[in-house]
Amino acid sequence: MFKNYIKIAWRNIRANKLFSILNIAGLAIGIAICIPLFLFVIEELRFDSMYKNNAHIYRINLKTIAGTHMETSETWANVPNAVAPSAVKEIPDIKYAARMLKNGFGSPASLKVGENTFVEKGLYWCDPDIFKIFDVPFVSGDPTTALSKPNMIVISQAAAERIFGKQDPMGKTISIDNKNLMTVTGIYKTLPYTSTIDCDMVATFLSSGFNQSESWGNASFETYCLLNDGADIHVVDQKLNVLENKNIAKDDRWFSLQLQALKDIHLHSEGFSEGYSSHTGDIKEVRNLALLGFLILFIACINYMNLSTARSEKRAKEVGINKTLGASRGQMVKRFYAETSLIALLAVLVGYVMSFGGIYLFNYATGRHLVFSGLYSVDILVGMLALWLVVTVIAGSYPALILSSFSPLALMQKKIAKNIVDIVFRKGLVVLQFTCSVVLIIVVVIVSEQMKYISNKNLGFQPNGIVSIGLSGIENKQQFEALKNNFRNVGAVTDVTAVQAMPGGGTSGRSLYKTSEDKNGLDLKTCNADAHTLNTLGMKLLAGTTLPESLPKTDTVIYAVVNTVCTDYLGYTPEQAVGKEISAMGFSKTIITGVVANFNYESLRKPVGAYLYYKANQAPEGYNNILVRFHTAALPQTMKQLESAFKNAAPNAGFDYTFLDNYLTALYASEQVTSKVSLLFSVLAIFVSCLGLFGLAAYTAEQRTKEIGVRKVLGASVINITSLL
């Protein structure tokens with residue numbers, strides 16, 4: 001019997017080629033869109049699942065306490081370097097703990113191997129126990145001892161190939177920032193994209209300057225721990241804060257410690273400060289794209305139902321004849337479901353083939369690297385089977401349940417009576433389908449306008465035409481001064497400045513106080529800079545002067561340029577603030593030399609906060625970047641000249657540069673992904689809706705064949721008939 005249902009279904013599909021093609025195309029496009037979206041969702045939800053102990057791995061986060069040196073509460077992914085060793089000693093529930101410090105607090109490392117120099121963005125300094133927490137597979141060396149002594153480093157296979165080519169790296173030496181000479185003691189398999197830790201090189205923390213003393217002050221270290229089986233997370237959290245209270249005086253306490261499960265880090269760290277991983281996701285993005293996938297599939301199913309109901313009058317006679325010949329309603333239900341299942345199966349197969357192109361489009365739009373092998377995974381194959389069943393049930397529900405109910409009495413009528421329920425239902429489906437499409441259009445327009453706003457927003461400085469050049473491998477002050485002079489001698493360069501961090505980069509966090517009795521303070525970002533910073537960045541000076549060009553060697557004052565968030569908090573106008581002494585955590589005597597207009601030094605997601613550029617003889621932070629402003633007319637030539645100037649001053653350092661406008665654009669990577677994916681797949685979803693509309697219009701024209709013939713006999717042209725329809 002089932003074989004007969006399939007034969008009849010195939011006969012009906014061939015007899016109604018246009019509607020069959022529209023049905024299959026609509027469902028196939030919907031499926032081809034959904035598969036890459038669902039592959040992305042699966043990949044995001046399975047981050048870090050490759051580690052054997054992932055259920056027991058946690059990151060120790062820091063939550064600032066509002067009103068204690070900080071105006072508002074924030075969560076930081078980094079903690080002080082004393083946390084890991086103290087926790088292992090004093091909390092039995094913690095089996096291992098390891099610190100991770102990205103080189104230069106996030107700055108790329110300058111490497112020298114033989115006579116060659118390289119720039120490495122994925123170099124971390126880690127405790128030896130890091131590989132007891134994360135079971136990273138090694139291809140050479142022993143993970144338990146590879147970082148056990150000073151001057152040891154392990155590298156990924158990708159880094160080994162990039163730096164050493166076909167040579168065996170084991171035992172070779174690598175100079176880091178012209179300061180540390182490290183020996184390669186291990187090679188591990190390159191970490192997949194779905195790993196939160198993204199190291200390409202891991203140097204032993206024993207050779208880091210921060211290993212010499214444990215501090216509860218500088219919170220710059222990502223810290224991971226492996227808990228014993230059966231450990232209670234809430235109890236460990238409490239013990240961590242007992243540990244903090246034991247080591248920090250009550251009046252100096254400004255944070256609490258808390259664990260975050262490894263499985264939650266990737267998707268639930270949005271808004272966290274100070275994290276190092278470049279593989280950060282957002283649960284809202286995952287939910288939005290999953291919803292988009294379901295919405296597109298829903299539109300495709302409605303499209304099928306619309307076309308099925310449009311043909312209800314013709315199918316009613318077919319049902320009537322079959323029932324007259326003895327067919328039961330149950331048999332008609334099975335027959336309609338067989339037809340739908342066959343169309344759905346063809347659509348699933350076509351959509352599966354088309355999904356290879358869908359993955360390409362998704363990767364193009366998002367910059368992700370979904371692999372085609374994911375289409376052969378058990379999840380996707382089982383999902384395709386489930387999708388076929390779901391589409392069959394949903395899309396075939398109306399034809400099977402409603403059309404099968406037609407009475408044989410319909411055959412006695414010259415014209416099939418219009419079923420009001422059928423008409424209302426069909427119109428309701430059309431309205432619902434295009435409502436979904438309109439919602440997608442609105443979303444696309446809103447996201448597009450947001451991106452346009454971001455690109456046109458006046459940030460308070462001019463990022464175009466500025467390149468940031470890293471200083472990781474600079475060996476001494478003489479090289480540093482020679483570097484600045486060489487850059488100034490390049491013809492296209494208009495100004496050069498040295499800074500601790502470019503806007504959007506890693507500054508230092510402090511607090512600004514109104515008085516010495518003020519215990520709360522205002523969150524303050526500080527950046528070591530020189531006299532040319534304001535001019536290079538194109539900032540607007542409202543009052544006073546920029547930072548001094550040079551300072552007497554005996555001068556102990558810290559000179560500062562602040563934004564108006566600072567002066568408003570202190571209760572001064574810009575003019576009144578100039579020359580005033582201010583109190584900032586960790587600073588000695590600090591004098592305001594100038595006030596600049598507020599500028600967006602972070603993502604536009606965050607409100608503009610207090611910011612301070614400073615210059616001092618004994619600056620607590622150093623310079624990490626040189627910013628060069630230049631004319632962009634001959635960009636390739638200018639960059640070659642800058643590289644030549646760099647190599648002339650620092651031949652042993654790697655030339656690392658970033659265009660400031662590109663760096664700032666990257667801050668909105670998730671918004672750009674949402675914008676591109678929404679636009680691309682919404683257009684395809686709207687196209688599916690239009691296929692349905694075309695089918696309805698074609699059926700309407702088919703029903704009015706006689707009317708059209710009469711009109712043409714009476715002189716109507718093709719244009720007249722087309723306009724009428």
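Here are three short exercises on this predicted model, each with a worked solution.

**Exercise 1.** Work out which helices line the second largest pocket, and which one gives the most.

*Solution.* Start with the pocket itself: the volume comes out at about 560 Å³. Next, look at the lining, which is made up of 25 residues. Want a way in on screen? Pick Asn288, Val443, Val447, Thr674 and Ser678, since these lie nearest the pocket's centre. Now go up to the level of elements: those that give two or more residues are helix H8 (283-310), helix H13 (420-456) and helix H20 (669-703). Finally, find the top contributor: H13 gives the most, with 8 residues.

**Exercise 2.** Sort the lining of the second largest pocket into nonpolar, polar and charged residues.

*Solution.* Take the 25 lining residues and put each one in a class. You end up with 13 nonpolar residues, plus 6 polar and 6 charged ones.

**Exercise 3.** Phe105 and Asn178 each have a positive phi without being a glycine. Place each in its loop and decide whether it is buried, partly exposed or exposed.

*Solution.* Take Phe105 to begin with. Its phi is about 55°, and the residue sits in the loop that runs between strand E4 (94-102) and strand E5 (109-113). Its relative accessibility is 40%, so Phe105 counts as partly exposed.

Now for Asn178. Here phi is about 55°, and the loop is the one between strand E10 (173-176) and strand E11 (180-188). Buried would need a value under 20%; Asn178 has a relative accessible area of 23%, so it is partly exposed.

Conventions. Residues are numbered from 1 along each chain as its sequence is written. This is a predicted model: local features need pLDDT of at least 70, side-chain atom pairs count only at pLDDT 80 or more; totals for chains, interfaces and linings use all residues. Side-chain values use heavy atoms; hydrogens and water are left out. On a 1 Å grid over the protein atoms alone, a cavity is a set of points where a 1.4 Å probe fits but cannot get out, and a pocket is an open set with protein on both sides within 12 Å along at least five of seven lines; lining residues have an atom within 4 Å of a point. Grid points are joined across faces, edges and corners, and a volume is the space filled by probe spheres set on the points. Helices (H or I, at least four residues) and strands (E, at least two) are DSSP runs, numbered from the N terminus. Ala, Val, Leu, Ile, Met, Phe, Trp, Tyr, Cys and Pro count as nonpolar, Asp, Glu, Lys and Arg as charged, and the others, Gly among them, as polar. Buried means under 20% relative accessible area, exposed over 50%, partly exposed in between (1.4 Å probe, protein chains only).
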